[in-house]
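Open the model in your viewer and keep the sequence panel in sight. We will go stop by stop, selecting as we go.

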Amino acid sequence: MMIQNKNEEYVIALYIRLSKEDEDVGIRYGKEESNSISNQRMLIYDFIRQHSEFQGCRIIEKCDDGFSGKRFDRPAFTELIDLAKKGRIDCIIVKDLSRFGRDYIELGDYLEQLFPFLGIRFIAVNDHYDSKDGGQETAGLEVAFKNFIYDFYSRDTSKKIRNVRRKMAQSGQFASANALYGYQKSAEDKHKLVVDEEAAQVVREIFQMKIAGMSAKKITENLNARQIPSPAQYALNHKRGMDWRKVNEKTAWDATKVVAILKDERYAGNMVSLRRTLKGIYGKDTPMDSSDWIRVEGTHEGIVSIDDFQKAQTTFLKYEKNQPSTINRYNAFVCGHCGRKLSYSKDRKKLICRYGESNPNASCYKAAYPAEKIRRAVLEALKWHFEQFIDWEEMQVRLEKNAYAEQDSQDYEKALEQIENGKIILYEKYKDGQLDRDEFVAGRDKLKAQAEEIKEKTNEAALWQEGKDEVKRIGEIVRKYREAKELTKDMEEMFVERVEVYDQERIKVKWKFEEFYTK
């Protein structure tokens, strides 16, 4: 049946929120919106369809994509509350309480005070919360408890996943999304590898060519000359895994991939796992030290024998023995055409794109650039920035000392702590009936304004001090390298993030200090 409210149609507002950690819009091919948004919308609409009282009602949607639940100044959320205050909404439905907000004091105010005052029904589907059933009397406690549970759940899930992956690694099971080149996942057990004979034959040839004395570069040229599909192209041709193409329509072999295959012990039938890990719950994917890898022998059929694998490794040792014990391998120079790292020729006189060197179809085929000329151009540009910085720094010294330097940050922290305590005391007085709603709202808004003012001053003071310290630190570094005669590896690593080389007359440099200069 259709619900009527003051002879007007009943309006249901769906509120959907996606945090930045969940966001994946545009990452996957053909994807128009995040899975989390789609799932929230589907769940809420299923809930509406299952309740006859909502049939025939008008439905509107409000969605905040990429906003934290700790803040309530989200664009769509603000629009939702404005509509509610104007009497244009009769019911608000969310997936769960955490989608609406994660600050239990603020959220409790909405659920226990504002929405009942406006006569708005509030439903959190997964939390089985419906204000029509008298839920507003316990909403504050529920929200506080559930926020704790959500955080605990995330940490507990992360810990469990890590434990499961470690156990799988210790038992020699394969746990990656896609099988490595030369193998497929077993149809009977997705955690077991079986040989893909077509690609495996290429792997065997790579090992045999290396054992015979061919370099990785020569092996790469051989594979490309025979037009053997690269691992990425092979996976694409056989509709396995993702489309990894970035710049080129077709991908080719490069020496890096050849070396990676030659050094991967899994091709000898031994499973090597946990070579990478995530730091923290939402941490960055980082490589693990080889001593921490988990290695289990004889887990699957090897494409090459243990003897051949070891023979291939000895060919690398011959090259590595003559290298210095410590060497700075940082390289900021990339090919402007294909985006791959440039390498130095044996005499260090040229920068070469190894991909183009061994791939006749590449736009950078046989590309070689004078290394000294390009590095000199980067150095001159860097020294120009040094002079600009010194001029700016000297101007800053002449400016009057900033007032923020005298401000004790502890005073700000104490003031904010007092305001937070005041908000809680004010809320408790309101709940106990010592304050009416107008007095509570006026007091709360006053405290909010005071807190915002203090936070703004705190941020300004912190930024000023941070900037002052950073200027001093950068100034010392700039003066150290101001008269440099060449672009050393240390300078390259310290100042240069990326140098795109298109030809010897055209390069594009991205500096590591651009953000600092902007500030």
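Helices and strands here are DSSP runs: a helix has at least four residues, a strand at least two, and both are numbered from the N terminus. By that count, the protein has 16 helices and 19 strands. Keep in mind that this is a predicted model.

**Stop 1: the whole protein**

Select everything. There are 519 residues, and 39% of them count as buried. The protein exposes about 31300 Å², with carbon and sulfur atoms supplying 50% of that area. Now think about contacts between residues at least 6 apart in sequence. Of these, 64% join residues at least 24 apart.

**Stop 2: colour by confidence**

Colour by pLDDT. The average for the protein is 79, and 77% of the residues score at least 70. Where is confidence lowest, and where is it highest? Select strand E1 (residues 4-5) for the lowest, with a mean of 41. Then select strand E5 (residues 91-94) for the highest, at 96.

Two more stretches deserve a click. Residues 244-248 stay under 50 in pLDDT, and the model gives them 9 contacts beyond four places in sequence. Residues 402-406 also stay under 50, with 6 such contacts.

**Stop 3: a sheet of 5 strands**

Select E3, E4, E5, E6 and E7. They form an open sheet in the order E4-E3-E5-E6-E7, with mixed pairing. Which strands stand at the edges? They are E4 (58-65) and E7 (129-130). Each has a single partner strand, so one side of each is left without a neighbour in the sheet.

Zoom in on E3 (residues 11-18) and E4. This pair is parallel and has 8 bridges. To see one position up close, pick alanine 13: opposite this residue, in E4, stands isoleucine 60.

Now add helix H2 (residues 75-85). H2 lies across E3, E4 and E5. Its direction is at about 145° to E4.

**Stop 4: aspartate 109**

Select aspartate 109. This residue is in helix H4 (residues 104-118). Is aspartate 109 buried or exposed? Its relative accessible area is 7%, and the cut-off for buried is under 20%. So aspartate 109 is buried.

Show what surrounds the residue. Setting aside neighbours within four places in sequence, aspartate 109 is in contact with Leu114, Arg437, Phe440 and Arg444.

**Stop 5: a sheet of 3 strands**

Select E14, E18 and E19. These strands make an open sheet in the order E14-E18-E19, and the pairing is mixed. E14 (333-335) and E19 (506-511) stand at the edges. Each has a single partner strand, so one side of each has no neighbour in the sheet. From one strand to the next, the twist averages 25°.

Why call the pairing mixed? Strands of a sheet pair through backbone hydrogen bonds, either parallel or antiparallel. Look at each pair in turn. E14 and E18 (residues 496-503) pair in the parallel sense, over 3 bridges. E18 and E19 run antiparallel, joined by 6 bridges. A hairpin of 2 residues joins E18 to E19.

Next, click valine 499 in E18. Phenylalanine 333 stands opposite this valine. In E19, the bridge partner of valine 499 is valine 509.

**Stop 6: glycine 336**

Move to glycine 336, in the loop between E14 and strand E15 (342-344). What does glycine 336 touch, not counting residues up to four places away in sequence? It touches Glu500, Val501 and Tyr502.

Draw a distance from the C-alpha of glycine 336 to the C-alpha of cysteine 364. You should get 8.7 Å, for two residues 28 apart along the chain.

**Stop 7: the cysteines**

Finish with a search for disulfides. The whole structure has 0. Select cysteine 338: the nearest cysteine sulfur, that of cysteine 353, is 3.6 Å away. A disulfide needs the two sulfur atoms within 2.5 Å, so this pair does not count.

Are these two cysteines buried or exposed? Cysteine 338 is buried, with a relative accessible area of 6%. Cysteine 353 is buried too, at 0%.

Technical notes
Residues are numbered from 1 along each chain as its sequence is written. This is a predicted model: local features need pLDDT of at least 70, side-chain atom pairs count only at pLDDT 80 or more; totals for chains, interfaces and linings use all residues. Side-chain values use heavy atoms; hydrogens and water are left out. Buried means under 20% relative accessible area, exposed over 50%, partly exposed in between (1.4 Å probe, protein chains only). Two strands pair if DSSP finds at least two bridges between them. Axes are lines fitted to C-alpha atoms, for helices over the stretch in contact, and angles run from 0 to 180 degrees between N-to-C directions. Contact means heavy atoms within 4.5 Å. Accessible areas come from the Shrake-Rupley method with a 1.4 Å probe; for residues, only the protein chains shown count as cover. pLDDT is the predictor's confidence in each residue, from 0 to 100.
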